[in-house]
Amino acid sequence: DGAVSILKFDNAKGRNGGTYARPASVQRALSILEMEVEQINKGNYEHYMQKEIHEQPESLTTTMRGRLIRGGSCKAKSVLLGGLKDHLKTIRRSRRIVFIGCGTSYNAALAARPILEELSDLPVTMEIASDLVDRQAPIYREDTAVFVSQSGETADTLQALEYASENGALCVGITNTVGSAIARKTHCGVHINAGAEIGVASTKAYTSQIVVMAMLALAIGGDTISTQARREAIIDGLCDLPNKVREVLKLDQEMKVLAKQLIAEQSLLVFGRGYNYATALEGALKVKEVALMHSEGILAGEMKHGPLALVDENLPILVIATRDACFSKQQSVIQQLHARKGRLIVMCSKGDAASIFPGGSCRVIEVPQVEDCLQPVINIVPLQLLAYHLTVLRGYNVDQPRNLAKSVTTQ
């Protein structure tokens, strides 16, 4: 009669061999979704994925709102994460930090891992949630386990959370959904506030997750004087990040032209290292997910240990070689691939095209340069655009890829 009632069976009766009695209705707290209709409309865009890619300057601004404190002349710049402030001392005292996630969330944690190691001086390990549970890997009371999930309902990550809780670890959640299972069951956490994401392939939630984890690194390392200049440079970089993303979104048409050239390809390799190993994995995952084309992200340092055998004049290879500590090594990778007549597409920082490839015989994607630990946020955007245009040109459904669901709630 237009009413909703929630019924709960008494498990104890069932276990003792008795029959289930139909129970009375259970009261649940109501949570009201405060969401504007504009957030779930496509607006002027053809697809949700396209809208969400182009929304990233705004979603990143929302993620950082109220959390970056750029003090006056005498006050230091700092980060305030309200959900973590009571637990920061415990995290700093922990034996190690373990990042646990699946798919895109795992890649986001991988992108943030180097800055977390640098600023916290703690060992940071990575675990794919399903694998952690399969192995029953050791988790200790002195560990901090960080669970990364956009929906906050991912079944594998939830199972890993229960396992870590039983072993006494401090459990931290990073989700995009207030009131989700992971948000409720962790001891503390941070909401990424990226707004509703409707396309199955995650775009804006990925970049917001990286930014939140960079802010987590700043908060954990916030009491160390030796890294103060580095932290302040990162905070300045974070404040300018939405503008840099706006700049890189102007590559949209260029990515469409590149997609037309790759439309009939069977495979695409993406090479990255350092901060951008995660970008290679995530870019390849996006092409797999939506364009239904085989794509593989490869750690460039592993190139000679097998993948080099695949290189010929037909296979397209995208190399991420923006300016950071690994730049000279990536230049060497490009030269070796070129010597073997590899069909190269190189992503580099603005103004580096001539120095990377004096011959000018490979395709270059130039992106704005930011602080090295924030570069993955910039570098993934052209790859998201490439995956989007490839999908549309190949005639597949961008927002609902074959066989996939937005939130993986089964194992």
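Biologist: Which residue lies over the face of Tyr-140?
Modeller: Arg-95, at 4.4 Å from the ring centre. A charge counts as over a ring if NZ of Lys or CZ of Arg is within 6 Å of the ring centre and within 35 degrees of the ring normal.

Biologist: Where do these values come from?
Modeller: This is a predicted model, where local features need pLDDT of at least 70, side-chain atom pairs count only at pLDDT 80 or more, and totals for chains, interfaces and linings use all residues. Residues are numbered from 1 along each chain as its sequence is written, and side-chain values use heavy atoms, leaving out hydrogens and water.

Biologist: On to sheets. What order do the strands have in the one with strand 5?
Modeller: 6-5-7-8-9, in an open sheet of five strands with parallel pairing. Strands (E, at least two residues) and helices (H or I, at least four) are DSSP runs, numbered from the N terminus. Two strands pair if DSSP finds at least two bridges between them.

Biologist: Which strands stand at the edges?
Modeller: Strand 6 (124-128) and strand 9 (188-191). Each has a single partner strand, so one side of each is left without a neighbour in the sheet. The twist averages 20° from one strand to the next; axes are lines fitted to C-alpha atoms, for helices over the stretch in contact, with angles from 0 to 180 degrees between N-to-C directions.

Biologist: How many bridges join strand 5 to strand 7?
Modeller: Five, between residues 96-101 and residues 143-148, running parallel. Ile-100 of the pairing stands opposite Phe-147 in strand 7.

Biologist: Which strands of the sheet does helix 10 touch?
Modeller: Helix 10 (residues 204-220) touches strand 5, strand 7, strand 8 (170-175) and strand 9, where contact means heavy atoms within 4.5 Å. Its direction makes about 140° with that of strand 8. Helix 6 (residues 103-120) lies across strand 5, strand 6 and strand 7, at about 170° to strand 6.

Biologist: Now the sheet with strand 12. What is its order?
Modeller: 11-10-12-13-14, an open sheet of five strands with parallel pairing. Strand 11 (294-299) and strand 14 (363-367) are at the edges with a single partner strand each, so one side of each has no neighbour in the sheet. Neighbouring strands are turned by 20° against each other on average, direction ignored.

Biologist: And what is the bridge partner of Val-319 in strand 13?
Modeller: Val-346. Strand 12 (residues 316-321) and strand 13 (residues 343-349) pair in the parallel sense over six bridges.

Biologist: Which strands does helix 14 lie across?
Modeller: Helix 14 (residues 327-339) lies across strand 10 (267-272), strand 12 and strand 13, at about 160° to strand 12.
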